[in-house]
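Here's a quick tour of the fold, the aromatic residues inside it and one strand worth a closer look. Have the viewer open as you read.

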Amino acid sequence: MNRFVSNFTNKLDSKGRVSIPASFRAVLARDGFEGLYVHPALDAPALDAGGNVLLNEIDAFLSTLSPYSDERDQLSTALFGTSEILKVDPEGRVILTDTVKVHAGIGDTVTFVGLGHKFQIWEPERFRAHLEEARTKVRDLKKALGNRVLEPRLVQNTSPGVRER
């Protein structure tokens, strides 16, 4: 599978290293990125992380904006200017810098959360609250979609296999 899925909670060791989940490391290895690309999430107290797929998605999004626009400069600053490329050691561990830990409120434990093309790194309690909020919104969305009236489909008044003349 070439997607980051599931969630895992790991402790930082005494040297401040944390193990990237094995399934996430496998996706990064297939992606071919050397290290781990990390930036503060734009809309959450978490870190966005990934490899070439994430970087390509950011590049594709930025390319939709005028090259000299304020919006492109602001997004580039937020996505590239605050990012870090973390070195992954042979055991699959990284050291999270103080800058990214402060943004996410990370102490001695982190939760890795798969989002398909990328994953996020959360402080576990903040992730639990975020997950509960997401579940509530999804339940509300499901109810709204379930209550929608679908447009009636055009139905023919012929039985299957009967030819019209």
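Are Phe-24 and Phe-112 buried or exposed? Keep that in mind while we lay out the frame; bear in mind too that this is a predicted model.

**The sheet**

Start with the six strands, which make an open sheet. Reading across, the order is S1-S7-S8-S4-S3-S5, with antiparallel pairing. At the edges sit S1 (7-11) and S5 (84-86), each of them paired on one side only. From one strand to the next, the twist averages 30 degrees.

Two helices go with this sheet. Helix H1, residues 22-31, lies across S1, S3, S4, S7 (109-114) and S8 (119-122), and runs at about 55 degrees to S7. Helix H2, residues 52-62, packs on the sheet too, where it touches S3 and S4. The direction of H2 makes about 50 degrees with that of S3.

**The record**

An unreviewed UniProt entry carries the annotation "domain: SpoVT-AbrB", which covers residues 7-52 and 83-126. Here is how the two spans look in the model:

| Span | Helix | Strand | Distance between end C-alpha atoms |
|---|---|---|---|
| Residues 7-52 | 24% | 37% | 21 Å |
| Residues 83-126 | 23% | 36% | 21 Å |

**The aromatic residues**

Back to the opening question: Phe-24 and Phe-112 are both buried. How many aromatic pairs are there? The count comes to seven. In one of them, the ring centres of Phe-4 and Phe-119 are 5.0 Å apart and the planes stand at 65 degrees, so this pair is edge-to-face. The pair links distant parts of the chain, as Phe-4 is in the segment before S1 and Phe-119 is in strand S8, 115 residues apart. Phe-4 counts as buried because its relative accessibility is 4%, with the cut-off set at under 20%. For Phe-119 the relative accessibility is 0%, so Phe-119 counts as buried as well.

Now for Phe-24 and Phe-112 as a pair: their ring centres lie 6.5 Å apart with the planes at 85 degrees, so they are edge-to-face. Since Phe-24 belongs to helix H1 and Phe-112 to strand S7, the pair ties together parts 88 residues apart in sequence. Zoom out a little and you'll find a cluster, with ring pairs linking Phe-4, Phe-8, Phe-24, Phe-112 and Phe-119.

**Strand S4 and its neighbours**

Finally, take a look at S4. On one side its neighbour is S3: residues 36-40 of S3 and residues 47-50 of S4 run antiparallel and are joined by four bridges. The two strands are connected by a hairpin of six residues. Along this pairing, Val-38 stands opposite Ala-49, and the bridge partner of Pro-40 is Leu-47 in S4.

S4 also pairs with S8, in the antiparallel sense, over three bridges. Which residue of S8 stands opposite Ala-49? It's Phe-119, the buried residue from the aromatic section.

As for side chains, those of a regular strand alternate between the two faces of the sheet. In S4, Leu-47 and Ala-49 point one way, while Asp-48 and Gly-50 point the other way. These four S4 residues are all buried.

Conventions: Residues are numbered from 1 along each chain as its sequence is written. This is a predicted model: local features need pLDDT of at least 70, side-chain atom pairs count only at pLDDT 80 or more; totals for chains, interfaces and linings use all residues. Side-chain values use heavy atoms; hydrogens and water are left out. Two strands pair if DSSP finds at least two bridges between them. Axes are lines fitted to C-alpha atoms, for helices over the stretch in contact, and angles run from 0 to 180 degrees between N-to-C directions. Contact means heavy atoms within 4.5 Å. UniProt positions are given in the numbering used here, feature names are shortened, and annotations may be inferred rather than shown by experiment. Rings of Phe, Tyr and Trp (its six-membered ring) pair if their centres lie within 6.5 Å; planes under 30 degrees apart count as stacked, over 60 as edge-to-face and the rest as tilted. Buried means under 20% relative accessible area, exposed over 50%, partly exposed in between (1.4 Å probe, protein chains only).
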